[in-house]
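Me: I should like a close examination of one part of this model, namely its sheet together with the helices that pack around it. Please treat the strands in order and then turn to the packing.

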Amino acid sequence: MPQKSSRTLSPLGPPSDVRVGPFTAALIAGARWQGHDAFPAWQTWADDIEAVMEFLYQHGRFPVFQSLIQKTRTAQHRDAMLAEARGSYYLHRRGFSILGWEPLGEGTARGESLVQLGTSLPIFVEVKQPSWTGEQLPLTIADQNRLSPADRAARLARMRRPRFLPDVCEGGAVGSHHFSMRVVRRNALHKLSARQPNLALVVDDCQVTPVGLPSLAHYVREEFLNPAHDSLDPEDLYTYERLGGVLFLNTVSFGACVEYNVDFVPNPGVIASCALPVEVQTLLEGLTAETEAREELRYASSNSFFRSVMNRCTDNDGAAV
């Protein structure tokens, strides 16, 4: 969430009033994307990034991560890598042990991490970051082909600009849950093997996060049963029987710190060998309830559209937004 200030952000790196830690400083130094934006532009985010980098260092991952992220050319690719790191950092904070990095999945495909909760079976984790840039185009190839040349050019031009534009308020339909599951379906499912429990972790950077959307669980369960395959997309072929569930994660700051909000949806149709252990499902459902309680308290006196919908819908009978 953007924060308001009267200061002028430097286009060449962190503003003068932001103190970056040693790991973050090492990350920025020599990176190809250094100078593309004011990363990290706010102290709360700088503190969060430093904590994530320290976590990677303590688990022997920081040198590899630093090398890879410094080679990325754009801020968008940098943020996607940070999303992967944040996903593992969050699981560790919530009690999971990191057993290894880049575990082997189906064939030669590799995931983000292999984790374990207590003495549970090891869990293959694949992290995805649906981005606001991808939301600029329609979901299906057919709908993309229907765009006029002028409309397509305008959308592509918008994708090349920063996510938040000064003094510009943008609106549109909320479809981040559709887009997020498309990313999981196309880019994660082919990595999942039948020999271990599998978890997809969606750390989104969408215009509106799917975390907390009133009918998210209803939509995802329907997607598990009937995948919304794009008939014109040759890579959109896979189904969900090897996926134990999806943990949606969104980071947000209201000034004091960075909060990690989650929404977990288990897959009732997963095959037995890929199902998440009961204790893992229980924990993730509890973390979802914790997020809901925190947000309920924060917006207790508001009358937002989403709040009105939530008061009228349940997961069982609510229609997808």
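Reply: The account below goes from the chain as a whole to the sheet, and from there to the helices.

The model is a predicted one. Its protein chain contains 10 helices and six strands. Of the 321 residues in the chain, 47% are buried. Among contacts between residues at least 6 apart in sequence, 71% join residues at least 24 apart.

The six strands form one open sheet in the order E1-E2-E3-E4-E5-E6, with mixed pairing. Strand E1 (96-101) and strand E6 (258-266) stand at the edges with a single partner strand each, so one side of each has no neighbour in the sheet. On average, and with direction ignored, neighbouring strands are turned by 30° against each other.

The edge strand E1 includes phenylalanine 96. With a relative accessibility of 3%, under the 20% cut-off, phenylalanine 96 counts as buried. Leaving aside residues up to four places away in sequence, phenylalanine 96 touches Leu91, Val115, Gln116, Leu117, Ile123, Val280, Leu283 and Leu284. One of these partners, Ile123, is 27 residues apart from phenylalanine 96 along the chain, and the C-alpha atoms of the two are separated by 9.9 Å. The loop between E1 and E2 holds glutamate 102. Although glutamate 102 is not a glycine, its phi is positive, at about 50°. Its relative accessibility is 36%, so glutamate 102 counts as partly exposed.

The next pair, E2 and E3, runs antiparallel and is joined by three bridges. Leucine 114 has phenylalanine 124 in E3 as its bridge partner. Five residues lie between the strands of this hairpin, in which glycine 118 takes a positive phi near 65°.

How many residues of E3 are buried? Six of the six are, so E3 is largely enclosed by the rest of the structure. Both faces of the strand are covered: one side presents Ile123, Val125 and Val127, the other Phe124, Glu126 and Lys128, and all of them are buried. The listed residues thus include phenylalanine 124, the bridge partner of leucine 114, and Ile123, a contact of phenylalanine 96.

On its other pairing, E3 runs parallel to E4, with five bridges between them. Here glutamate 126 has alanine 200 of E4 as its bridge partner. Strand E4 (residues 198-203) is in turn joined by five bridges to strand E5 (residues 245-253), again in a parallel arrangement. In this pairing leucine 199 stands opposite glycine 245 in E5.

Two helices may now be placed against the sheet. H4 packs on the sheet and touches E1, strand E2 (113-117), strand E3 (123-128), E4, E5 and E6, with its direction at about 80° to that of E6. Helix H8 (residues 216-225) also packs on the sheet, touching E5 and E6, and its direction makes about 45° with that of E6.

H4 has helix partners as well. Two packed helices are described by the angle between their axes and the distance between the axes. For helix H3 (residues 62-71) and helix H4 (residues 75-93), the axes come within 9 Å and cross at roughly 160°. Since angles over 145 degrees count as roughly antiparallel, H3 is roughly antiparallel to H4. The crossing of H3 and H4 is right-handed. H3 contributes Phe65, Leu68 and Ile69 to the contact, and H4 contributes Arg78, Met81, Leu82 and Ala85. By class, these residues are six nonpolar, no polar and one charged.

The axes of H2 and H4 come within 10 Å and cross at roughly 75°. That angle makes H2 roughly perpendicular to H4. On the H2 side the contact is made by Trp45, Asp48, Ile49, Ala51, Val52, Met53, Phe55 and Leu56, and on the H4 side by Leu82, Ala85, Arg86, Ser88, Tyr89 and His92. The contact of H2 with H4 has 10 nonpolar, two polar and two charged residues. Leu82 and Ala85 of H4 take part in the contact with H2, and they also belong to the contact with H3.

One feature of the backbone precedes H2. Proline 40 is placed in the loop between helix H1 (22-28) and helix H2 (43-58). The peptide bond joining phenylalanine 39 and proline 40 is cis, with omega about -20°.

Notes: Residues numbered from 1 in each chain as written. Predicted model: local features only at pLDDT ≥ 70, side-chain atom pairs only at ≥ 80, totals over all residues. Heavy atoms only, no water. Axes fitted to C-alpha atoms, helices over the stretch in contact; angles between N-to-C directions. Helix = DSSP H or I, 4+ residues; strand = E, 2+ residues; numbered from the N terminus. Parallel < 35°, antiparallel > 145°, perpendicular 65-115°, else oblique. Left-handed = near helix turned anticlockwise from the far one by under 90°. Contact = heavy atoms within 4.5 Å. Nonpolar A, V, L, I, M, F, W, Y, C, P; charged D, E, K, R; others polar. Pairing = 2+ DSSP bridges. Buried < 20%, exposed > 50% of the residue type's maximum accessible area, 1.4 Å probe, protein only.
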